[in-house]
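This report is a guided reading of one model, taken element by element. Please keep the sequence and the structure in view while reading.

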Amino acid sequence: MDDQNKNLILATALSFAVILGWFLLFPPEEPPLDPETDVIETTEGELAAPPPTAAGDPASPAGPAGETPAPAQEIARLPIDTPRVEGSISLLGGRIDTLRLKDYRETLDPDSPTVPLLSPVGGNGAYYALYGWTPAGDLGFDDVPGANTEWTVESGETLSPGNPVTLAWDNGNGAIFRRTLTIDEDYLFTVTQSVENTTDAALRLAPYGIVARHGEPDTAGFFILHEGVVRQSDNSLEELGYSDLPDLDFVEREGARAEVIDVAEDGWIGFTDKYWMTTLIPEPGQPFQSVAKYVQNAEIYQVESRLPAITVEAGATGEVSTMLFAGAKEWETIRDYEENLGIRNFVDSIDWGWFFFLTKPIFRALHFLNGLIGNMGWSILALTLLIKAILFPLAYKSYVSMAKMKELQPEMEKLKERAGDDRQKMQQGMMELYKKNKVNPASGCLPILLQIPIFFSLYKVIFVTIELRHAAWFGPFRDLSAPDPTSIFNLFGAFPWAAPEPGTTLALIFIGILPLLLGISMWLQQKLNPAPTDPAQQMIFAWMPWVFMFMLGGFASGLVVYWITNNTITFTQQYIIMRSHGHRPDVFGNIKKSFKRKKTAEAAAGKGKPKK
């Protein structure tokens, strides 16, 4: 395969890939929320039927019939303060419903607010974790704590690492419920629920955990990124987008659209956003029911972990512990939880995509290089060099094959003259020529075919991993996950006015310095070889670098850095290998010829115009 056909394949494949990867889905506006709705959970199997709901409506989320939570500002709270998160626990229901991430800002401005993760009922986008018990046997819903139970603080003042807090509630009928919460240095809560039975009869009941979101949350809106429910059920990983939950089958027992999975040993379930996640994690080896649910009339998205019922004998105490992850999807942190706590496939809560067999090692290599270098931009350059080094044997064979094919060009021209219009004779003659000179015309395709999934995988890594969020390079490049902030519009900062806002039409037209360098690098790569003689191919190759320049102008600047580096290394490799085989590329001569052809075409067009 000669250079021109190789470039044509690359242009076609990458054009399709870029358009497909950059397609943006505009999410609908968030609907108005009812600040007086709440949730209550149920369990199945050996447990009692689902609890009663307000006004007898099986789909109406509420606590014991007729109860609604008090306004958020009137609810007593217990503070949470760790090196990495801050927030509070509402004593109404014992909800973990206020949490902000100290290490992350909403924008690049160091004075911008920290990123909020959880928020209480009573405001837009309520998002919280709730724990409780479902009654079985002779117990009723008034006998167990639920969504609107008013807890008291039994011990502790502020939840922090090494300082647990305990909440207590006495049902007045001989059962005392306690909830002890601990938190580590990162994002993992441990919630221990216990019940002390002071009656003279056994109690039977089942613990549950919930994460609920009121209204559809704001999302990044890209179809290549999963946002919504993610869960591990034994050996199976499942993803359900927010748009998938309203399409689930209506389950009478749940009073809502739901999907219930029985997990035998290991699993977890939660909501994942682009960079953040809130996940319910039963202890490894613990069977439970994993529930994804959508309550339509209140527009609540909900996940639940329902543990089997326990029997607490008279005078005894029963307890169960589960975990809650609420924080940033940092690869190293999540990996440590997976390895040290035995949380199966927890690192797969990061959306690695279809090319996970490439995205995972690419990210690990990038993470390792960043640990050595300390700068993500230079790490991307180093990663590009590493990838090119790994692929060099294939690239070398490809370039050698192309160099040999160039040497065969005179014989190919003679063959065309002899064959004339006989295409079959031409094909047979070409195959004999290739066989005689041991040239494989398809060998040039393999590096391209490998390059496309690598491009996609690196794009995925830069787009979804939080390690690239707000990762600086140098100068104006303060966020490699965002498009190039420079612009021709203000001559790359030389003029006092601001560049167009990213995502606008003007931003696509007035590109930055990185996309411009990308176009130039592709253009120079073309000039290693003379332009094709066919006018149609000439036009395609003349426009291709500049089309790509604008197409990739809105991509993450880290990806553009990779592509510029890749083109530069490819140019250097091709030049050296062609020289080693006796073919000296006339780069400057080819550039001059392209301008001469342009002037000739303009002159010809001028001569063709009728005189006035």
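## Basis of the reading

Helices here are DSSP runs of H or I with at least four residues, and they are numbered from the N terminus. The model is a predicted one, and the descriptions below should be read with that in mind.

## Helix 2 and its surroundings

Just after helix 2, Gly342 adopts a positive phi of about 75°. Helix 2 itself covers residues 331–341, and its buried residues are Trp331, Thr333, Ile334 and Tyr337. These buried residues pack against three strands and a helix, namely strand 9 (188–197), strand 16 (276–282), strand 20 (317–328) and helix 3 (356–373).

## His367 in helix 3

His367 lies in helix 3, and, leaving aside residues up to four places away in sequence, His367 touches Trp331, Glu332 and Glu467. One of these partners, Trp331, is also among the buried residues of helix 2.

Is His367 itself buried or exposed? With a relative accessible area of 21%, His367 is neither, because the partly exposed class begins where the buried class, under 20%, ends. His367 and Leu383 are 16 residues apart in sequence, and their C-alpha atoms are 9.9 Å apart in space.

## The pairing of strands 2, 3 and 4

Strand 2 (residues 85–90) pairs with strand 3 (residues 96–105) in the antiparallel sense, over five bridges, and within this arrangement Gly87 stands opposite Leu99 of strand 3. The two strands form a hairpin with five residues between them, and in the turn Gly93 has a positive phi of about 85°.

Strand 3 also pairs with strand 4 (residues 114–118), again in the antiparallel sense and over four bridges. In that pairing Arg100 has Pro116 of strand 4 as its bridge partner. In a regular strand the side chains alternate between the two faces of the sheet.

## The contact of helix 5 with helix 6

The axes of helix 5 (residues 409–419) and helix 6 (residues 423–436) come within 9 Å of each other and cross at roughly 155°. Since angles over 145 degrees count as roughly antiparallel, helix 5 and helix 6 are therefore roughly antiparallel to each other, and their crossing is right-handed.

On the helix 5 side the contact is made by Glu411, Met412, Leu415, Lys416, Arg418 and Ala419, which meet Lys425, Met426, Gly429, Met430, Leu433 and Tyr434 in helix 6. Sorted by character, the residues of this contact comprise seven nonpolar, one polar and four charged.

Notes
Residues are numbered from 1 along each chain as its sequence is written. This is a predicted model: local features need pLDDT of at least 70, side-chain atom pairs count only at pLDDT 80 or more; totals for chains, interfaces and linings use all residues. Side-chain values use heavy atoms; hydrogens and water are left out. Axes are lines fitted to C-alpha atoms, for helices over the stretch in contact, and angles run from 0 to 180 degrees between N-to-C directions. Angles under 35 degrees count as roughly parallel, over 145 as roughly antiparallel, 65 to 115 as roughly perpendicular and the rest as oblique. A crossing is left-handed if the near helix is turned anticlockwise from the far one by less than a right angle, and right-handed if clockwise. Contact means heavy atoms within 4.5 Å. Ala, Val, Leu, Ile, Met, Phe, Trp, Tyr, Cys and Pro count as nonpolar, Asp, Glu, Lys and Arg as charged, and the others, Gly among them, as polar. Two strands pair if DSSP finds at least two bridges between them. Buried means under 20% relative accessible area, exposed over 50%, partly exposed in between (1.4 Å probe, protein chains only).
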